[in-house]
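This report walks through a few sites and elements of one protein chain. Keep the sequence and the model side by side while reading.

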Amino acid sequence: MAGHREGSDDCRSRGARRRLAAGFAALLLGACAAPPPAPPPSPPAAGTATPPAVSPPSAAAQPPAVAAPPSARPPVAVAPQAVPPSRADAVARYDRVAFASLPAASDAAWIAAWPAHLQSCQALAAHPAWKDPCARAATVDRRSAAAIRGYFAAAFDAYRVRAVAPPEAKSGEVRDTGLVTGYYEPLLNGSRKQSSKYAVPIYGVPADLVAIDLAGTYPELAGLRLRGRMQNGKVVAYPSRGEIMRSGLLRGQELLWVDDPIDAFFLQVQGSGRVQLDDGSLTRLGYGDSNGHPYRSIGRWLVDQGELTIDQASMQGIKAWVSLNPRRLGQLLEQNPSFVFFREVPLGDPATGPKGALNVPLTPHASLAVDTRFIPLGAPILLRSTDPTTGAAFVRPMMAQDTGSAIRGPLRFDYFWGFGADAGEKAGRQKHEGSAWMLAPRGVAPEALLKR
């Protein structure tokens, strides 16, 4: 699951009733909450995993993950863009367009995206809207970009996604572009035992954390949860990051210990990661839950304090500031009251990414985190944005396979770069304008895919 993102730190709403309900919810717990994560994969012996009713393409039919080809241009540092914010209450508009009018993506990009689409079909093949296109996918030549494009042209309708002001705003604002950031799976160094070297705790989900699903009372808030804990028979807000760090409240609930507090913070930002343990083994951490407090960008705080400029407020810039101001680390981290808890999950194939909200492994350069109020999980997206390494424009087919609590809005996307330091370097600099075209199964309106 994609974590929170620097540069976007508020909860969004749709319509007056949604704002009223969300406001009531915020008063109850003092926070807005992320979409619930996909349930953790159960071990086979538990018997809880349910295979799709329609068999997805066989493992033998699935191609290995293919990374997008590197650009021929030499890598240069490209500063993040100061992307104008869109309305917090924007809603989506889907304008039907001809498939032939879509911006051109390279053959290599179509081939690289194909494994991610097959992964989506593993989760969606039983859904009536996806049954036919996923069945067709098994017959497509994975090595042929022409065959892949032809499949999407025949099985899907194309829609330009736009963000528009809600009717009550009366402003008529329509935006064609939004913000694209990046995320990745980091590698941390850790241990199962606390020591002077490994002194920073990574916590599992606390036993006293209470999650309240609002959909029963407010169907339009489906996918949002409130988090808190019971105190004297009442649900109260869960402690903030600062309170957790100072109080020792979660002592005894540590999953692992790591060696770097800023790496531990950015693990929460990314939402998942791997830990190289001191005994030589490698484990994977997946998103478990959060304390429910709203995310606040520490990069934005540093800019507001005059410590960094906008183009310096990347992950790399923040880490550089911390190295020069180690005594202010605690003050900096407390500016973000949100706190993420983890669960340890099987590493599985180390060549694949962590599982996202669609409960399938993420594919570098082909998996996208979206706001599921506007983009359904599994939907193919043609994304046009800027490469943070070269500054060149790109168009890539990608699959909506993840969510993030700061990924809020019709044109708000998070690009999955993969695993390790190189992916982190690119993800940390990804903050650019982007536009999107969504593909919906032929004859199915985008709004119908959003119905729960």
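## Asp260 at the start of α6

The side chain of Asp260 reaches the backbone nitrogen of Ile262 at 2.9 Å. A polar atom of that same Asp260 side chain also lies 3.1 Å from the backbone nitrogen of Asp263. The coordinates come from a predicted model.

Asp260 sits in the loop between β10 (254–258) and α6 (261–270). Is Asp260 buried, partly exposed or exposed? Its relative accessible area is 24%, so Asp260 counts as partly exposed; the cut-off for buried is under 20%. Val200 is 60 residues away from Asp260 along the chain. Their C-alpha atoms are nevertheless separated by 6.6 Å.

## Strand β4 and its two partners

Strand β4 covers residues 178–185. It is mostly covered: eight of its eight residues are buried.

Two pairings of β4 can be followed. With β18 (residues 431–441), β4 pairs in the antiparallel sense over four bridges. Gly178 has Gly434 as its bridge partner in β18. With β17, β4 pairs in the parallel sense over five bridges. Here the bridge partner of Tyr183 is Phe416. Strands of a sheet pair through backbone hydrogen bonds, and both senses, parallel and antiparallel, occur.

## Arg412, a buried charge

Arg412 belongs to the loop between β16 (393–402) and β17 (413–419). Which side chain of opposite charge is nearest to Arg412? That is Asp414, 4.7 Å away. Arg412 is buried yet has no salt bridge. The cut-off for a salt bridge is 4 Å.

The Arg412 side chain does make a polar contact. Its partner is the side chain of Thr181, at 2.9 Å. Residue 181 falls within β4 (residues 178–185).

## Helices α8 and α9

Leu332 is found in helix α9 (residues 329–333). Its relative accessibility is 0%, so Leu332 counts as buried. Which residues touch Leu332, leaving aside its neighbours within four places in sequence? The contacts are Ile298, Trp301, Leu302, Ile318, Trp321 and Val322. For Val322, 10 residues away along the chain, the C-alpha separation from Leu332 is 8.7 Å.

Three of these names come back in helix α8 (residues 315–324). Its buried residues are listed as Met315, Gln316, Gly317, Ile318, Trp321 and Val322. The buried residues of α8 pack against several elements. Among them are the helices α6, α7 (298–304), α9 and α10 (421–429). Strand β4 is another of these packing partners.

## The β7-β8-β9 sheet

An open sheet of three strands has the order β7-β8-β9, and its pairing is antiparallel. Its edge strands are β7 (210–213) and β9 (234–237), each of which pairs on one side only. On average, neighbouring strands of this sheet are turned by 55° against each other, direction ignored.

How many bridges join β7 to β8? There are four, and β8 spans residues 225–231. The bridge partner of Val210 in β8 is Gly228.

How values were computed. Residues numbered from 1 in each chain as written. Predicted model: local features only at pLDDT ≥ 70, side-chain atom pairs only at ≥ 80, totals over all residues. Heavy atoms only, no water. Buried < 20%, exposed > 50% of the residue type's maximum accessible area, 1.4 Å probe, protein only. Lys, Arg positive; Asp, Glu negative; His and termini not counted. Polar contact = N/O pair within 3.5 Å; in protein donor to acceptor, adjacent residues only side chain to side chain. Pairing = 2+ DSSP bridges. Axes fitted to C-alpha atoms, helices over the stretch in contact; angles between N-to-C directions. Contact = heavy atoms within 4.5 Å.
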